[in-house]
Amino acid sequence: MTVQQAEGLRPLAGGAVHLPGDPLYDEARMPWNLQVDEHPAAVAYPADPHEVARIVRAAAAAGLRVAPQGTGHGAPPLAGRLGDAVLLRTSAMTGLRVDAAGRTARAEAGVLWGDVVARAGRVGLAGQHMSSPGVGVVGSSLGGGVSWYSRQHGLQCSAITAVELVLADGTFVRATDDQDPDLLWAARGGSGGFGVVTALEFDLLPVRTAYAGMLAWDWRHAQRVLTGWGEWTADAPESVTSVARIFQVPDIEWLPDQLRGRKMVMIDAVALGDPETGARSIAPLRALKPEIDTFAEMSAPDIAHLQLDPQEPTAVYANSVLVEGFPAGAVDALVEAAGPESGSNLLFVELRQLGGALARPSPRGGALDHLPAAFLVLGVGLDVGTGWDAVRADAMRILDSLAPWSSRASYLSMAYEAAARRGFAPEAYERLVRIRESVDPNRVFVAPRASSND
């Protein structure tokens, strides 16, 4: 019955609509995160907002729901929920404009962060990009957006100044602080689910270069390095954002030769300002005598590749917890759960330094306007023959080990299994639900998480 319901969508997106049984359906339905094997009623690739509106209206009339998706990095929370939905892939909408004088960008829904940093970098500006240049601007911004500049400038969603979207009735809306401000508020970290966002406008930063790089040690030194890093973060200036990782590096050609196939503890960091000040900022970390030190003045576009995230579609499991501190007991617990004697098969465990501007509510407001924790701890795993249940168990062992220091809140963009309510302050969550219900009373759009709106 669902195929018949979706049949009328075929002429609505220039022929770029794929139904079950079509030759390109299996390719079209696969997200970047290949762990998700979803079978939607149809997959559509609209070229512009007009085609988006036509598809939304037709889907609703046929009794189908709509699930917008850019790259599909964050696809897991949608798993098992798209059987009666049109997966609306926005990758064909790639318009990008950078206003050098105004320090702003307008990115359509298919634009990737690599596109933004390259274009903005030519005029001495930077976007608050994610750790991978292959992540979509719209999806990551709607979810919050923790960047290499966040401790000084806050979440990427707080930089949003306008959102363009198609509502459940096919109406096109441009929301700003002066017009439809509730929708702009929801777009600032609310994760979506209130329309198909076709473009965002947001502020850029006057960053041409920064002092950035990686320090690395054999993972036998994890206890010593993570202890030193944790102590250093207590007084680190807000101009520096850092990430510590226990990384079981795969033997893959595109990775640096000195890392491939090794088990390492690593610290990546970006220090805004001049190189001399940056070098002084990380001097206590260098005193830990790393085996590898790549710190140097780096262009803003190059910083987008600092963390060595995979670019090609990959099957991954990820989960995270926000923690309020990283004292000696937390270091011990983490190393026991993920270090040399742990038996963990996780690709890496990552500790992102928060605080600074991330800890202060943005004056612009938004569904998510700050992160109430000192660190975000993320466990990421691949199925290396042990099965996904074993990967999940390794990740949950990390999160459980840090329970004494954990926050009650979650950062949903990196917590695939967390309940939606945990991603927001109670009053913000209730307001977000009211906004979604007011603009989508018939629940045409698949909610970002099942507990939010389904």
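**Stop 1: H11 and H12**

Select helix H11, residues 328–338, and helix H12, residues 388–401. The model on your screen is predicted. The two axes come within 9 Å and cross at roughly 165°. That angle is over 145, so H11 runs roughly antiparallel to H12. The crossing of the pair is right-handed.

Now show side chains at the contact. From H11, pick Ala333, Leu334, Glu336, Ala337 and Ala338. From H12, pick Arg397, Ile398 and Ser401. Colour them by class: five are nonpolar, one is polar and two are charged.

**Stop 2: H8 against H11**

Keep H11 and add helix H8, residues 222–233. Two packed helices are described by the angle between their axes and the distance between the axes. For H8 and H11, the angle is about 145° and the axes are 10 Å apart. H8 passes H11 in a right-handed crossing.

Which residues meet here? On H8, select Ala222, Gln223, Leu226 and Thr227. On H11, select Val331, Asp332, Leu334 and Val335. This contact divides into five nonpolar residues, two polar and one charged. Leu334 is in this set, and Leu334 also belongs to the H11 contact with H12.

Stay on H8 and check its length. Its 12 residues should span 16 Å at 1.5 Å a residue, and the end C-alpha atoms are indeed 16 Å apart. Then pick out the buried residues of H8: Ala222, Val225, Leu226, Gly228, Trp229, Gly230, Trp232 and Thr233. Two of these, Ala222 and Leu226, also meet H11.

**Stop 3: H3 and the strands around it**

Go to helix H3, residues 49–61. How far does H3 reach from its first C-alpha to its last? The helix has 13 residues and reaches 18 Å, close to the 18 Å expected.

Select its buried residues: Glu51, Val52, Ala53, Ile55, Val56 and Ala59. Turn on the strands next. The buried residues of H3 pack against S2 (42–44), S3 (65–69), S4 (85–89), S7 (160–166) and S9.

**Stop 4: Val197 in S9**

Follow strand S9 to Val197. Is Val197 buried or exposed? Its relative accessibility is 7%, under the 20% limit, so Val197 counts as buried.

Show what Val197 touches, leaving out residues up to four places away in sequence. Select Ala109, Val138, Leu142, Val163, Glu164 and Leu165. Then draw a distance from Val197 to Ala296. The pair is 99 residues apart along the chain, and the C-alpha atoms are separated by 38 Å.

**Stop 5: two positive phi values**

Most residues other than glycine have a negative phi. Select Asp180 for a contrary case: its phi is near 50°, a positive value. Asp180 is in the loop between strand S8 (172–175) and helix H7 (181–187). At 35% relative accessibility, Asp180 counts as partly exposed.

Move along to Ser191, in the loop between H7 and S9 (196–203). Its phi is near 75°, again positive. Ser191 is partly exposed, with a relative accessible area of 27%.

**Stop 6: His18 and Gly21**

Select His18 in strand S1, residues 17–18. His18 counts as buried, at 13% relative accessibility. Beyond the residues up to four places away, His18 touches Leu24, Tyr25, Ala28, Ala42, Val43 and Tyr45.

Next, select Gly21. Gly21 is in the loop between S1 and helix H2 (25–29). Where His18 is buried, Gly21 is exposed, with a relative accessible area of 75%. Draw a line from Gly21 to Trp148: they are 127 residues apart in sequence and 43 Å apart in space, C-alpha to C-alpha.

**Stop 7: Ala359**

Finish in the loop between strand S16 (348–353) and strand S17 (375–381), at Ala359. Ala359 is partly exposed, with a relative accessible area of 38%. What does Ala359 contact, leaving aside its neighbours within four places in sequence? Select His370 and Leu371. Then pick Asp369, 10 residues from Ala359 along the chain. The C-alpha atoms of Ala359 and Asp369 are separated by 8.9 Å.

Notes. Residues numbered from 1 in each chain as written. Predicted model: local features only at pLDDT ≥ 70, side-chain atom pairs only at ≥ 80, totals over all residues. Heavy atoms only, no water. Helix = DSSP H or I, 4+ residues; strand = E, 2+ residues; numbered from the N terminus. Expected span 1.5 Å × (residues − 1). Buried < 20%, exposed > 50% of the residue type's maximum accessible area, 1.4 Å probe, protein only. Axes fitted to C-alpha atoms, helices over the stretch in contact; angles between N-to-C directions. Parallel < 35°, antiparallel > 145°, perpendicular 65-115°, else oblique. Left-handed = near helix turned anticlockwise from the far one by under 90°. Contact = heavy atoms within 4.5 Å. Nonpolar A, V, L, I, M, F, W, Y, C, P; charged D, E, K, R; others polar.
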